[in-house]
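Here is a friendly walk through the model you have on your screen. Keep the structure open and follow along from strands to ligands.

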Amino acid sequence: MKVRREVLSRLHRLFYDGNRHREYASIWAMKTESLNLLLSPDEMAEADRLTIQKGVPEFELMQNAGQVVADYVRVNFSPCTVGVVCGPGNNGGDGFVVARLLRDAGWFVKLTFMGARDRLGEAARQHLDLWGAEDSPINDLLDECDLLIDGLFGAGLDRDVVGTFAELIKRMNRTRKPIVAIDMPSGIDGATGAVRGAAIRAVASVSFFRLKPGHFLLPGKSYCGDVHLGQIGILDAVLPRIGGKVWHNGPDLWQIPPYEAQGHKYSRGHCLVLSGDALSGGAARLSAMAALRSGAGLVSLFGDKAALEVQAHHVTEIMLKPAPLEKLLQDERFNSLVLGPGAGVTNALRDKVLSTIAAQRGCVLDADALMAFESDPKSLFDHIHRYGGDNIVLTPHGGEFARLFGKMDEAESKIEMVRIAAEASGAQVLLKGADTVIGAPDGRVVINSNAPAILATAGSGDVLAGIIGGMLARGMSGIDAACGGAFIHGACAQGFGKEGMIASDLVAKLPEVLMAVDK
Ligand SMILES: NC(=O)C1=CN([C@@H]2O[C@H](COP(=O)(O)OP(=O)(O)OC[C@H]3O[C@@H](n4cnc5c(N)ncnc54)[C@H](OP(=O)(O)O)[C@@H]3O)[C@@H](O)[C@H]2O)[C@@H](O)CC1
Ligand SMILES: Nc1ncnc2c1ncn2[C@@H]1O[C@H](COP(=O)(O)OP(=O)(O)O)[C@@H](O)[C@H]1O
Ligand SMILES: [K+]
C-alpha cells in the first residue's frame with residue numbers, strides 16, 4: 001500500500017508539478033531596450049532631447065540621420081537625378097544632409113526648401129549652409145528628377161496638412177516617381193498611423209533609433225513602403241527614462257517553451273476546446289487542430305454528446321470528452337481552454353466562461369464567448385478581476401470589440417482602444433483586423449503587422465484562437481501566447497502564398513512556421 005502511494009505521488013509530481021512549475025512563463029521583463037520597441041513622436045523627441053543633454057550635439061545626430069538615408073538610397077537605387085523636398089523643421093534639416101551627401105557621391109541633386117532659414121533650428125541652419133546651393137523651383141524638381149526624397153514633415157507633424165503643403169504632397173504622389181520618406185511619410189501621424197489631411201505614398205521610409213507605431217498601424221503602414229531603421233547616435237541608455245510601452249510583434253518578444261528531452265505529453269499541457277452543436281462543429285475543430293499542431297500535448301473537444309458524435313467522424317488525434325465542464329475542471333491537467341468558436345450565444349456558454357475563469361485556467365475567449373456578455377460585459381470583467389486575468393486572452397474583431405467595450409470614438413488609435421479595454425477587462429485583449437493590436441492590463445501594447453489580407457477567410461480567427469490555446473497549454477503567459485499566436489498565424493498565411501488559402505491550410509503550415517521561430 002505504501003509503495004503504491006509513493007508511486008502515485010511520484011506520478012502526480014511528474015504529471016502536475018513539472019507542468020505547474022513551467023506554467024505561464026513570461027520573458028517580457030527585459031524588453032525596455034528592445035529594437036522592437038516603438039516610440040511615439042513625443043517619446044522620440046524626448047529621446048533626442050535626453051541624448052543631446054548628455055552631450056551628443058544635435059548637429060551630429062542630424063548628420064547621422066542624413067547619412068542613414070543617403071546610404072539607403074545608394075544601396076537601393078542606381079545613381080540618378082534626385083529631388084529633395086525639405087520642410088520647415090528638422091525633417092527638412094535631415095533633407096539638407098541627404099542632398100549634400102548624395103551630391104558628394106556624384107549624384108545630380110536638386111533641392112527645394114519650403115521654409116524660412118531664420119525659423120530653422122541651429123543644427124538645420126548649419127546643414128543648410130553646408131548644402132550651400134541654389135534652391136530649385138518645385139516645378140523643375142518634380143519634372144526633372146527620377147527619385148524624390150520627402151523631408152517635409154516627420155515627428156513634428158502636429159496638425160492636419162492643408163493648403164500649399166497638402167497640394168504639394170498630392171503633386172509629389174501624382175508624379176508616380178519613387179519617393180523615399182525621411183522618418184515618416186509626410187502627413188502620416190507617427191503615433192497613430194492616421195493620415196493627417198494628405199500624405200506621401202512612399203516606396204520606402206527610413207527612420208531612426210526606434211520605429212514608430214505609425215509605421216505599422218493602418219492606414220499609415222500602407223503609405224510607408226519598405227521600412228528601414230538606422231542608428232544615429234541616440235543613446236539606448238535614455239530608454240528606461242522614457243518608459244515606452246508599445247512594441248512591434250516578433251519572435252524576440254516571446255519564447256515558446258522548448259520540447260524537453262524528459263518531457264511527456266502532459267508536461268506540454270492539455271487544451272480543451274468547446275464544440276459547437278452537431279451542425280456547427282467545424283470552427284471548434286479548426287481551433288482544436290491548431291492547438292494540437294501548436295504543440296499542446298493533448299487536445300480534447302468537449303460539449304454535448306450529440307455534437308461530439310459528429311466530431312467523432314472527423315477527428316483522430318483529438319479526444320472527445322462528453323463530461324460536463326465542472327467535472328472536467330476538477331482535473332488540473334486541463335490547463336488551457338478555447339471557448340467561443342461556433343459555440344452559439346447562450347446562457348450555458350456564459351456559465352462555462354465564468355466557471356473557467358473561476359477555475360483559473362489559461363483560456364481564449366473568442367467570438368460567441370465574448371458575445372454572450374454583450375448585454376452585461378461588466379459581469380465578465382468583474383469575474384476576471386476577481387480570479388486573475390494574466391492567462392486569459394480575449395480575441396474580438398472590430399465588431400465584437402465595439403459591442404463589448406463600446407465604440408471608443410474618442411480614442412486616438414487602436415493602441416489606446418486596446419489599452420483601455422485590457423485595463424477594463426483585466427485580461428489580454430487582442431483586437432483582430434487588418435492590423436492586429438494586443439494589449440495587456442498593465443498597459444503594454446504590441447502591434448502585429450505580418451498578416452496578409454488572405455487571412456480574411458472563414459475560420460481563420462478560429463485557427464488563431466486554437467494557436468493561442470496551444471501556446472497557453474505549453475505554458476506561455478497570456479500576453480506571450482497572444483503575441484506568439486498572432487505572429488505565427490500571420491506567418492502561416494505569408495508562407496502559404498497569395499491565392500486559394502482556406503483556414504485549414506494555416507494549420508498545415510504550423511510545423512514549418514514553428515520551426516522557423518524556434519530559437
Ligand atoms: N530633434 C533631433 O535632434 C533630431 C530630429 N531629427 C529629424 O527631425 C524630425 C523632427 O523635426 P521637428 O521636430 O523639427 O519637426 P518636423 O517633422 O520637421 O516638422 C515640424 C515643422 O513643420 C511645421 N508643421 C507641423 N505640422 C504642420 C502642418 N500640418 N502643416 C504645416 N506645417 C506643419 C512646424 O512648424 P510650425 O508652423 O508649427 O511652427 C515645424 O516647423 C524627425 O522626424 C527627424 O527627421 C533627426 O535629425 C535626428 C535628430
Ligand atoms: N485584411 C486583412 N489583413 C490581414 N489580416 C486580416 C485581414 N482581415 C482579417 N484578418 C485576420 O483574419 C482573422 C479573421 O478572424 P475573424 O474575424 O474571427 O474571422 P472568422 O470568424 O471567420 O474566423 C483575424 O486574425 C484577423 O486579424
Ligand atoms: K518625411
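Two strands pair if DSSP finds at least two bridges between them. Helices (H or I, at least four residues) and strands (E, at least two) are DSSP runs, numbered from the N terminus. This is a predicted model, in which local features need pLDDT of at least 70 and side-chain atom pairs count only at pLDDT 80 or more, while totals for chains, interfaces and linings use all residues. Residues are numbered from 1 along each chain as its sequence is written, with chains lettered from A and ligands numbered from 1 in the order in which they are written.

**Strand β17 and its partners**

Let us begin with strand β17 (residues 445–448). The table lists its two pairings.

| Partner of β17 | Sense | Bridges | Residue facing Val445 |
|---|---|---|---|
| β8 (residues 246–248) | parallel | 3 bridges | Val246 |
| β16 (residues 436–439) | antiparallel | 4 bridges | Gly439 |

β16 and β17 make a hairpin with 5 residues between them, and Gly443 in the turn has a positive phi of about 100 degrees. In a regular strand the side chains alternate between the two faces of the sheet. Within β17, Val445 and Ile447 point one way and Val446 and Asn448 the other way, and all are buried. Buried here stands for 20 or more other C-beta atoms within 10 Å of the residue's own, exposed for 12 or fewer, and partly exposed for anything in between, with C-beta atoms placed from the backbone.

**Two domains and a core**

An automatic or database domain assignment supplies the domain bounds. For the protein chain, this gives domain 1 (37–244) and domain 2 (251–517). Their centres, taken over C-alpha atoms, are separated by 41 Å. The contact between them takes 9 residues from domain 1 and 8 residues from domain 2, where contact requires C-beta atoms, placed from the backbone, that lie within 7 Å. On the side of domain 1 that touches domain 2 there are 6 nonpolar, 2 polar and 1 charged residues. In this scheme Ala, Val, Leu, Ile, Met, Phe, Trp, Tyr, Cys and Pro count as nonpolar, Asp, Glu, Lys and Arg as charged, and the others, Gly among them, as polar.

A nonpolar core is a set of buried Ala, Val, Leu, Ile, Met, Phe, Trp, Tyr and Cys residues joined through C-beta atoms within 7 Å. The largest one has 155 residues, of which Val273, Ala291, Val418 and Ile468 touch the most other members. Helix α19 (residues 478–496) gives the most to this core, with 10 residues. Because domain 1 (37–244) and domain 2 (251–517) both give residues to this core, it lies between them. Leaving aside its neighbours within four places in sequence, Ile468 contacts Val364, Val393, Ala481, Ala482 and Gly485.

**Around the ligands**

A residue is near a molecule if its C-beta atom, placed from the backbone, lies within 6 Å of it. Which residues are the closest to ligand 1? They are Gly89, Asn90, Asn91, Gly154 and Gly156, out of 27 that surround this ligand. Two or more residues of the shell come from each of α3 (58–76) and α4 (90–104), and α4 gives the largest share, 5 residues. By class, the shell around ligand 1 has 12 nonpolar, 8 polar and 7 charged residues.

Ligand 2 is surrounded by 17 residues, the closest being Lys432, Ala434, Ala451, Ala456 and Gly461. Helix α18 (residues 460–473) provides the largest share of this shell, 4 residues. The shell around ligand 2 divides into 8 nonpolar, 7 polar and 2 charged residues.

Conventions: Contact = placed C-beta atoms within 7 Å.
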